[in-house]
Amino acid sequence: AGGPIEVGEYVEDAILDSADSIDIRSGIAHGEIGAVSSRGDVRAKYALNARIQAQGSIELADSAFHSALVAGDAVRLRRGKGVLVGGTTIAGNAVEVNVAGSRQGVHTFIHVGHDYRSIAPVEKKLRELGREMANLMGLIGRDLAAYVRGEKPPPASKVVRKLLRRWSSLDQRRRLLWKQRDETLQRSAERLCANPSITVRGTLHPGVVLAVGRARLRIDHARGGGRYVYCRETRTIVAD
């Protein structure tokens, strides 16, 4: 869509791409297929195994589990439980949550300080790829769902098999672009020039890794929250 997208309930295996904001009343739960991309903000209740990109902010009213969240400005989970567990969360300026990680020590990576403009060319390619994948999904939705889940698809015509092979090719290219995007964000974070922060209001659990610019802080024991920033003198992450 060239304008906003509004979803009255929830999003599952779907590809959403908006030049504006995306508002989802309930949550986002992706399988192997789904992706949400916005050149504005993305707002939803929760994210489960979700892939969400926003040039603005990502705001979730309750929780995020095992998701890939990438925002140009901020990722915020400040209402409801505000729990962020597993996956990778990357934001340009700020990540704000109530609880990070879990008692089970689930690896949870939180990174701030990148320059979102650095990945504009990759984002353009991903949007173009997403549109083509969305078209394929519309043509072969049922066979595609079985195919990507590793189930034996029902008998299909030569045309459908050709479309499935095309999906595999596009999916491989998408994964390479994701890797390129992450590497580009990492390089841009090493040129930290602003003052990004990670704020945890409640508990930081073991297994959480905080990254601000090139600095890393691994949490080995549960601790109270705080606001974490990069200290230029010690080149480490500190609570201010």
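Here are three short exercises on a predicted model, each with a worked solution.

**Exercise 1.** Work out where Arg165 sits, whether Arg165 is buried or exposed, and which surface patch Arg165 belongs to.

*Solution.*
- Start with the fold: Arg165 lies in helix 2, which covers residues 158-189.
- Next, check the cover. The relative accessible area of Arg165 is 54%, and exposed means over 50%, so Arg165 counts as exposed.
- Finally, look at the company Arg165 keeps: together with Lys158, Arg161 and Lys162, Arg165 forms a patch of positive charge on the surface.

**Exercise 2.** Stay in helix 2 and move to Thr184. Is Thr184 buried or exposed, and which residues does Thr184 touch beyond four places away in sequence?

*Solution.*
- Thr184 is also placed in helix 2.
- Its relative accessibility comes out at 12%. Buried means under 20%, so Thr184 goes in the buried bin.
- Skip residues up to four places away in sequence, and you're left with contacts to Ser118 and Ile119.

**Exercise 3.** Now take Ala91: which strand holds Ala91, how accessible is Ala91, what does Ala91 contact, and how far is its C-alpha atom from that of Arg201?

*Solution.*
- Ala91 belongs to strand 12, residues 88-91.
- With a relative accessible area of 0%, Ala91 is buried.
- Leave out the neighbours within four places in sequence, and Ala91 is in contact with Ala71, Asp73, Ala74 and Val75, plus His111, Val112, Gly113 and His114.
- For the last step, go 110 residues along the chain to Arg201: the two C-alpha atoms are 18 Å apart.

Notes:
Residues are numbered from 1 along each chain as its sequence is written. This is a predicted model: local features need pLDDT of at least 70, side-chain atom pairs count only at pLDDT 80 or more; totals for chains, interfaces and linings use all residues. Side-chain values use heavy atoms; hydrogens and water are left out. Patches are made of residues with over 30% relative accessible area and no salt bridge: like charges are joined within 9 Å, nonpolar side chains (Val, Leu, Ile, Met, Phe, Trp, Tyr) within 5 Å. Accessible areas come from the Shrake-Rupley method with a 1.4 Å probe; for residues, only the protein chains shown count as cover. A salt bridge is a side-chain nitrogen of Lys or Arg within 4 Å of a carboxyl oxygen of Asp or Glu. Lys and Arg count as positive and Asp and Glu as negative; His and the chain ends are not counted. The place of a charge is taken as NZ of Lys, CZ of Arg, CG of Asp or CD of Glu. Helices (H or I, at least four residues) and strands (E, at least two) are DSSP runs, numbered from the N terminus. Buried means under 20% relative accessible area, exposed over 50%, partly exposed in between (1.4 Å probe, protein chains only). Contact means heavy atoms within 4.5 Å.
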